[in-house]
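Reader: I would like to learn how to read the overall features of a protein chain. Where do we start?

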Amino acid sequence: MTQESVAVELRGIGKRFPGVIANHDVDLTIRVGTVHALIGENGAGKSTLMKILYGVQKPDDGTITINGHAVVLKTPTDAIENGVGMVFQHFMLADNLTVLENMVLGAEKLHGIGDAARTEIARISDRFGFGLEPDVLVEKLGVADRQRLEIAKVLYRGARIIILDEPTAVLVPQEVDALFANLRELKDAGNSILFISHKLDEVLDISDDITVMRRGTTVGTADPRTTTKLQLAELMVGSELPSPETEESTVTDTVQLTLDDVSLADEFGRNLLTSISLQIRRGEVLGIAGVEGNGQAELVETIMGMRIPDTGRILLGTEDVTNWHTRELREAGIGYIPEDRHRHGLLLDAPLWENRILGHQTQAPNAKGPWINRSGARKDTDRIMAEYDVRAPGIDTPARALSGGNQQKLIVGREMSGDPVLLIASHPTRGVDVGAQSAIWDHIKRARRAGLAVLLISADLDELIGLSDTIQVILRGRLVGSFEPATVTPQDLGSAMTGGAAA
Amino acid sequence: MRTFNLKAIGLSLVAPAIAIVVSLLVTTLVIAAVGSSPSDFWSTMFEVPKPRSRIDIINQTGMIYIAAVAAAIGFRMGLFNIGLEGQYTLASYAAAAFAGGAYLSGFANVAVTLLIAIAVGAAWSGIAGVLRTTRGVSEVISTIMLNSIAITLVGYLLNRYGVHEGNTVRTTKIDLVTGFSPYEDRDGQIWTLTIIAVLVGVGFWLLLNKTRFGFDLRASGQSDSVAKASGVNPTRMIITAMALSGGIAGLIWMPALFGKASSFGLGTSFQAGLGFLGIAVALLGRNRPLGMLFGAVLFAFLSVKSNDLTFATDVSPSIVQITQGVAVLAVVIAYEVVRRWRAQLEQRAVGQDLVTATEAPA
């Protein structure tokens with residue numbers, strides 16, 4: 001491989017955030033005129049790597065070489081100047097402007113905003129078969145058209161290396177085919193594409209090279225012509241699974257949570273959850289495995305009353321809680337460790353003792369009738385900090401000042417308070433250090449022995465296998481397989497999670 | 001903890017101090033630019049107010065403060081109730097019309113009139129709340145429109161049912177409630193119902209800091225998604241907060257009605273503009289009970305003292321509107337600058353932690 005044929009070369013890229021190592025020792029080589037797929041589970045470090053290549057984040061270590069020149073990308077502007085463009089999963093378009101206006105917005109210097117721009121747009125559109133109509137308002141465009149516009153925008157700005165962040169996640173199958181046709185045109189014209197996905201069929205279909213990431217680093221490359229989906233799945237998930245700890249089963253006969261044929265659709269009528277049925281008994285941990293974005297978040301939000309299912313029933317114990325709202329469910333004894341503690345779990349600028357109240361505003365010791373029981377909440381925060389080893393200067397410290405692990409320990413302590421009957425734990429140890437992780441696991445195990453029913457959603461197989469009594473796999477909003485932690489193999493899980501071979 | 005608190009208080013005073021200095025500077029420059037004497041202006045403005053002015057300042061402070069609290073309730077949960085003006089205009093009219101009807105007498109009349117003011121204000125702002133939750137209409141837009149509708153509506157009702165007197169029209173006159181005269185009688189009275197401002201201020205503090213509802217309100221203001229996950233019903237919260245804000249707004253002009261005006265007349269006895277002043281003061285006081293009290297006193301002082309300008313200088317009294325405007329603008333900017341500066345300090349601290357944390361095991 002000569003130097004000229006390499007469009008992008010990343011060597012030894014590392015990036016650390018407080019309490020997390022997002023990337024380390026990442027190596028990636030994209031050849032000119034190819035589609036290079038980057039695959040890996042969510043949390044594997046793909047997003048961070050993309051942001052580094054697009055100049056949004058600065059790497060702590062490593063080198064970036066573009067077309068043979070070492071570059072330092074401090075901002076997306078630098079990236080664009082070096083011919084790197086990115087299409088985000090969430091489109092960055094102004095709905096109330098036309099296609100032309102969106103195209104030239106921020107790039108007025110290139111071809112002006114008049115006829116020259118129009119000509120250039122027509123040229124790009126014709127060349128790659130985008131079918132853009134410059135004077136249509138973007139709000140009139142469908143998802144696939146918007147995506148084509150986003151790709152065209154990147155080309156308009158002179159990009160020759162295009163990063164596509166899960167471009168197919170928002171498309172229906174026919175649209176995916178159309179996109180792939182566009183991508184082949186782009187590639188034939190000498191552009192290089194970094195294609196991020198975790199849909200293995202598509203990756204094998206479109207890509208020329210594949211790089212797999214796991215736990216923040218690149219763990220291997222694969223040749224799509226000779227690799228099977230199963231092999232890819234194994235690379236993504238990792239070939240060694242931890243053996244479950246031989247702990248006595250504490251599963252009882254009392255059913256604590258029942259979902260009966262629950263379905264949920266989004267505002268366009270597409271199913272987010274389809275016919276989900278499950279049961280969790282007291283003392284049981286039910287683990288949900290799956291590649292992220294397959295309905296886990298919606299499942300949790302439905303159980304927590306933040307969304308109301310379109311069909312089906314949810315029972316807590318024997319009570320029908322299908323139409324209950326979050327507060328009633330919390331009062332009924334559901335603890336909730338959210339996936340994203342900043343978006344759902346903590347008031348970052350509020351002191352710890354106020355965060356102790358959050359989600360339990362109506363319950364002792366935080367409230368007395370309509371009043372907040374300040375001293376009760378403060379005293380209980382002290383208790384949580386001691387019992388759950390939350391390290392912070394004091395209960396008046398704002399939550400923002402704590403490390404991720406300590407924030408999470410506070411949430412776990414809070415949600416375990418008041419003897420919950422059911423715990424919904426969504427990625428309970430994501431982004432926390434090893435010490436906090438094992439402490440949180442111990443707390444969950446202890447609560448399970450005491451008869452707590454737990455729904456555990458995790459992308460971490462150590463966690464799922466180590467804690468669960470049963471593992472169910474979710475794929476495109478359906479439960480597609482049930483496994484015993486003691487006997488499950490990585491192949492089983494990998495293929496079920498990615499819709500690989502017949503499971 | 002003690003030092004932390006002192007530091008926090010210090011930091012929170014930096015921004016308003018900068019804002020006041022900037023607004024004084026800008027006012028001085030404007031006066032100089034139009035060729036008047038800034039020193040005349042400032043010596044008149046900063047002259048110790050006469051007893052009559054002192055009483056005016058207290059009365060105005062009360063009304064502005066009520067308006068500020070009404071705005072702050074919305075702000076604290078992330079709602080911009082820009083419709084205070086319409087809410088209190090309509091509520092004031094309804095209240096004055098009811099009181100003028102003299103269906104009840106004495107204390108009962110006053111009490112029920114106040115309840116009507118609250119109810120009308122709450123209903124009017126509640127429209128915006130319902131529009132927001134059912135149709136997704138931004139409360140900023142709907143309340144601005146409701147302002148116009150309220151004023152037109154009041155004009156119509158007044159014309160139709162009011163007492164015509166020469167060129168003016170007003171509601172039926174009511175008996176005033178005797179106020180408190182700290183000085184001689186000719187200096188005027190502190191209106192009895194200014195006590196509403198005190199109650200509203202204390203109530204606001206209690207509600208926000210001591211009740212579950214206040215906790216939910218603040219949580220919603222800090223993060224929608226966190227509040228929802230904690231069990232706050234966003235729909236109910238928006239409607240309640242909007243109605244509460246409008247209900248308080250309904251009370252804004254009540255001290256004046258029973259203290260001095262005795263009837264409602266557009267462009268005559270009714271004092272318009274307090275709603276917008278309230279929004280400005282809420283911004284100035286950062287929606288905190290004490291901060292807004294300070295802001296209300298400052299604004300009332302500037303407004304009342306500006307009347308003296310006509311006699312003592314050739315500067316127009318409306319110059320203080322520039323001072324007020326710049327103060328609000330400057331305080332918003334100064335707070336943002338201070339906030340970013342603090343965020344940067346925090347970031348740096350975290351960054352240092354990170355370096356030590358990652359280097360330690362290596």
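Author: With surface. Accessible areas come from the Shrake-Rupley method with a 1.4 Å probe. This model is predicted, and the accessible surface of chain A comes to about 21,000 Å².

Reader: What percentage of the accessible surface of chain A belongs to carbon and sulfur atoms?

Author: Carbon and sulfur atoms account for 48% of that surface.

Reader: How many helices and strands does chain A have?

Author: Chain A has 18 helices and 22 strands. Its radius of gyration is 25 Å, close to the 23 Å that the globule rule gives for 503 residues, so chain A is as compact as a globular protein of that length. The C-alpha trace spans about 70 × 50 × 45 Å along its principal axes.

Reader: What share of the residues in chain A is buried?

Author: Buried means under 20% relative accessible area. In chain A, 55% of the 503 residues are buried.

Reader: And how should I read the contacts?

Author: By separation in sequence. Of the contacts in chain A between residues at least 6 apart in sequence, 68% join residues at least 24 apart.

Reader: How far apart are the mean positions of the positive and negative charges of chain A?

Author: They are 4 Å apart, taken over 51 positive and 70 negative charges.

Reader: Now a single helix. Is α15(A) largely enclosed or not, and why?

Author: 13 of the 13 residues of α15(A) are buried, so the helix is largely enclosed by the rest of the structure. Helix α15 covers residues 404–416 of chain A and reaches 18 Å from its first C-alpha to its last, close to the 18 Å expected at 1.5 Å a residue. Gly418(A) follows α15(A), with a positive phi near 75 degrees.

Technical notes:
Residues are numbered from 1 along each chain as its sequence is written. Chains are lettered from A and ligands numbered from 1 in the order in which they are written. This is a predicted model: local features need pLDDT of at least 70, side-chain atom pairs count only at pLDDT 80 or more; totals for chains, interfaces and linings use all residues. Side-chain values use heavy atoms; hydrogens and water are left out. Helices (H or I, at least four residues) and strands (E, at least two) are DSSP runs, numbered from the N terminus. The radius of gyration is taken over C-alpha atoms; the globule rule is 2.2 Å times the number of residues to the power 0.38. Buried means under 20% relative accessible area, exposed over 50%, partly exposed in between (1.4 Å probe, protein chains only). Contact means heavy atoms within 4.5 Å. Lys and Arg count as positive and Asp and Glu as negative; His and the chain ends are not counted. The place of a charge is taken as NZ of Lys, CZ of Arg, CG of Asp or CD of Glu. The expected span of a helix is 1.5 Å times one less than its number of residues.
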